[in-house]
Amino acid sequence: MNSQNLLKTALIGALTLGVASIATAAPAPAGAGGMKAGGMGMTKCYGINAAHKNDCKSVGHSCAGQDSKARDPNAFVAVPAGLCEKIDGGSTSPANKG
């Protein structure tokens, strides 16, 4: 693994830990709902997952930690609404809708 890939993996891990700590520290406001796009709460961000770590769902499985490909465009990570667009490679829709 070259240093650039190592840096990307570390950044994705740090973002995931930061988002997880924010999500557990502050409960969602009443009526915010779960993963809603555009509103308060969390949204699905595709293409920023770390292999075997923070993927939520991808083609062929539905359990976190099963994706074998980092930055899979079909695996998502739950992030606060509005954050996905700011992450390099992040997309609010999967590459394959399957």
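## The disulfide

The S-S bond joining Cys 45 and Cys 84 has a torsion of about 75 degrees, so this disulfide is right-handed. The pair connects distant parts of the chain: Cys 45 belongs to strand β1 (residues 42-46), while Cys 84 lies in the segment after β2 (76-80), 39 residues away. The two sulfur atoms are 2.0 Å apart, and a disulfide is here a pair of cysteine sulfur atoms within 2.5 Å. One disulfide is found in the whole structure. Cys 45 and Cys 84 are both buried (buried is under 20% relative accessible area, exposed over 50% and partly exposed in between, with a 1.4 Å probe and protein chains only).

## Basis of the description

The model is predicted; local features require pLDDT of at least 70, side-chain atom pairs count only at pLDDT 80 or more, and totals for chains, interfaces and linings use all residues. Numbering starts from 1 along each chain as its sequence is written, and side-chain values use heavy atoms, with hydrogens and water left out.

## Overall architecture

The protein chain contains one helix and two strands, arranged α-β-β from the N terminus. These elements are DSSP runs numbered from the N terminus, helices being H or I of at least four residues and strands E of at least two.

Of the chain's 98 residues, 24% count as buried. The chain exposes about 6,000 Å², of which carbon and sulfur atoms supply 61%; accessible areas follow the Shrake-Rupley method with a 1.4 Å probe, and for residues only the protein chains shown count as cover. Among contacts between residues at least 6 apart in sequence, 49% join residues at least 24 apart, a contact being heavy atoms within 4.5 Å.

## Nonpolar core

The largest nonpolar core has six residues: Cys 45, Ile 48, Val 77, Val 79, Cys 84 and Ile 87. Such a core is a set of buried Ala, Val, Leu, Ile, Met, Phe, Trp, Tyr and Cys residues joined through side-chain atoms within 4.5 Å. Both disulfide partners, Cys 45 and Cys 84, are thus named in this core.

Leaving out residues up to four places away in sequence, Cys 45 touches Ala 75, Phe 76, Val 77, Val 79, Cys 84, Gly 90 and Ser 91.

## Aromatic pair and the lysine over its ring

One aromatic pair is counted. Tyr 46 and Phe 76 form this pair in an edge-to-face arrangement, 5.6 Å centre to centre and with 65 degrees between the planes. Tyr 46 is in strand β1 and Phe 76 in strand β2, so the pair ties together parts that are 30 residues apart in sequence. Both rings belong to buried residues. Rings of Phe, Tyr and Trp (its six-membered ring) pair if their centres lie within 6.5 Å; planes under 30 degrees apart are stacked, over 60 edge-to-face and the rest tilted.

Lys 44 lies over the face of Phe 76, at 4.9 Å from the ring centre. The criterion is NZ of Lys or CZ of Arg within 6 Å of the ring centre and within 35 degrees of the ring normal. Lys 44 is in strand β1 and is partly exposed, with a relative accessible area of 34%. Lys 44 and Ser 91 are 47 residues apart in sequence, yet their C-alpha atoms are 8.3 Å apart.

## Gly 90

Gly 90 lies in the segment after β2 and is partly exposed, with a relative accessible area of 26%. Apart from neighbours within four places in sequence, Gly 90 is in contact with Cys 45, Tyr 46, Ile 48 and Cys 84. Gly 90 and Arg 71, 19 residues apart in sequence, are 8.8 Å apart from C-alpha to C-alpha.
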